[in-house]
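Here is a short briefing on one protein structure. Look at the model first, then work through the points by topic.

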Amino acid sequence: MEALIVVDIQNDFLPGGALAVDGGDEIIPLVNKLMTKFDLVVATQDWHPADHGSFASNHPGKKPGDIIELGGLQQILWPDHCVQHTHGAEFSNDLNTEHFHTIIRKGTDTLIDSYSGFFDNGKKKKTGLDEYLRSKNVDEVFITGLATDFCVKYTALDAIELGYTTSVVADATRAVNLEEGDFEKALEEMRIKGIHIIQTVELL
Ligand code: VGL
Ligand code: ZN
């Protein structure tokens with residue numbers, strides 16, 4: 001059984017949002033098309049409390065882009081984003097969310113971030129995504145969404161490590177690109193782990 005995973009297509013990651021990903025809106029028509037081709041579609045939703053430890057605003061004197069230690073892990077600080085129950089945390093209105101079979105929320109724990117849809121960054125707690133996919137007999141996942149170099153990448157790396165045949169639909173993702181070239185770098189990191197890097201047309 002195959003599943004499409006739609007990572008964090010939320011207002012704050014789209015143009016005009018708090019942590020806007022360049023061209024993030026351009027993937028929405030592709031994701032809408034892809035969702036019609038899958039019998040199982042799972043969305044992830046970055047879902048932070050306002051006092052989340054990944055927000056620069058919660059660390060006096062720090063600014064977005066700074067790196068701190070949070071719970072023993074290196075943490076990049078971000079602008080406040082995807083705060084629970086705010087407009088920024090909602091899925092884009094242009095995204096056909098009626099195709100979602102379930103929504104997995106992550107990043108809810110103040111003291112640890114969660115880029116992957118499967119685990120927090122310390123791999124201490126599972127989100128429920130693995131159990132959900134296994135309950136549906138999923139053995140192959142196709143990953144789309146935002147951002148290629150953070151949540152898409154870590155979701156894909158965990159998926160393959162958990163034993164799923166894993167593809168990332170590269171043109172249905174966009175990267176934060178803190179540094180120029182991070183999109184390609186992320187794709188290469190995934191490729192060397194055995195993740196297939198494919199294009200939307202290959203699935204239509
Ligand atoms: C993400 C940074 C912080 C993502 C989430 O969805 O890629 N990036 N939180
Ligand atoms: Zn986040």
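**Helix H3 and its surroundings**

The buried residues of helix H3 pack against strands E1 (2-7), E4, E5, E6 (140-146) and E7 (165-174), and against helix H4 (182-191). Keep in mind that this is a predicted model. H3 also turns up in the aromatic pairs and in the nonpolar core.

**More on H3**

- H3 spans residues 148-161.
- Most of the helix is covered: 11 of its 14 residues are buried.
- Among the buried residues are Phe 150, Cys 151, Val 152, Leu 157 and Ala 159.
- Polar or charged names appear there too, including Asp 149, Lys 153 and Asp 158.
- After H3 comes Gly 163, which has a positive phi near 105 degrees.

**The nonpolar core**

- The largest nonpolar core has 58 residues, and Leu 133 and Val 141 touch the most other members.
- H3 gives this core its largest share, six residues.
- What does Val 141 contact, leaving aside its neighbours within four places in sequence? Its partners include Ala 3, Ile 5, Leu 133, Ala 159 and Tyr 164.
- In soluble globular proteins, nonpolar side chains tend to be buried together.

**Aromatic rings**

- The whole structure holds six aromatic pairs.
- One of them joins Trp 78 and Phe 150 edge-to-face, with 5.0 Å centre to centre and 90 degrees between the planes.
- Trp 78 sits in the loop between E4 and E5, while Phe 150 is in H3, so this pair ties together parts 72 residues apart in sequence.
- Both Trp 78 and Phe 150 are buried.
- Trp 78, Tyr 115, Phe 150 and Tyr 154 make up one aromatic cluster.

**Charges over rings**

- Arg 105 lies over the face of Trp 47, at 3.7 Å from the ring centre.
- Lys 123 lies over the face of Phe 119, at 5.4 Å from the ring centre.

**The zinc site**

- Which residues are the protein donors of the zinc ion (ligand 2)? They are Asp 46 (OD), His 48 (NE2) and His 81 (NE2), at 2.0 to 2.2 Å from the ion.
- The donor residues follow the spacing D-x1-H-x32-H in sequence.
- Asp 46 lies in strand E2 (residues 41-46) and His 81 in the loop between strand E4 (73-76) and strand E5 (102-106), so the pair ties together parts 35 residues apart in sequence.
- Asp 46 and His 81 are both buried.
- The site is irregular, with angles of 87 to 171 degrees among its four donor atoms.

Methods. Residues numbered from 1 in each chain as written. Chains lettered and ligands numbered in written order. Predicted model: local features only at pLDDT ≥ 70, side-chain atom pairs only at ≥ 80, totals over all residues. Heavy atoms only, no water. Donors = N, O, S within 2.8 Å, 3.2 Å for Na, K, Ca; no water. Tetrahedral: all angles 85-135°; square planar, octahedral: opposite > 155°, others 65-115°. Helix = DSSP H or I, 4+ residues; strand = E, 2+ residues; numbered from the N terminus. Buried < 20%, exposed > 50% of the residue type's maximum accessible area, 1.4 Å probe, protein only. Phe/Tyr/Trp six-rings, centres within 6.5 Å; stacked < 30°, edge-to-face > 60°. Lys NZ or Arg CZ within 6 Å of the ring centre and 35° of its normal. Core = buried A, V, L, I, M, F, W, Y, C linked by side-chain atoms within 4.5 Å. Contact = heavy atoms within 4.5 Å.
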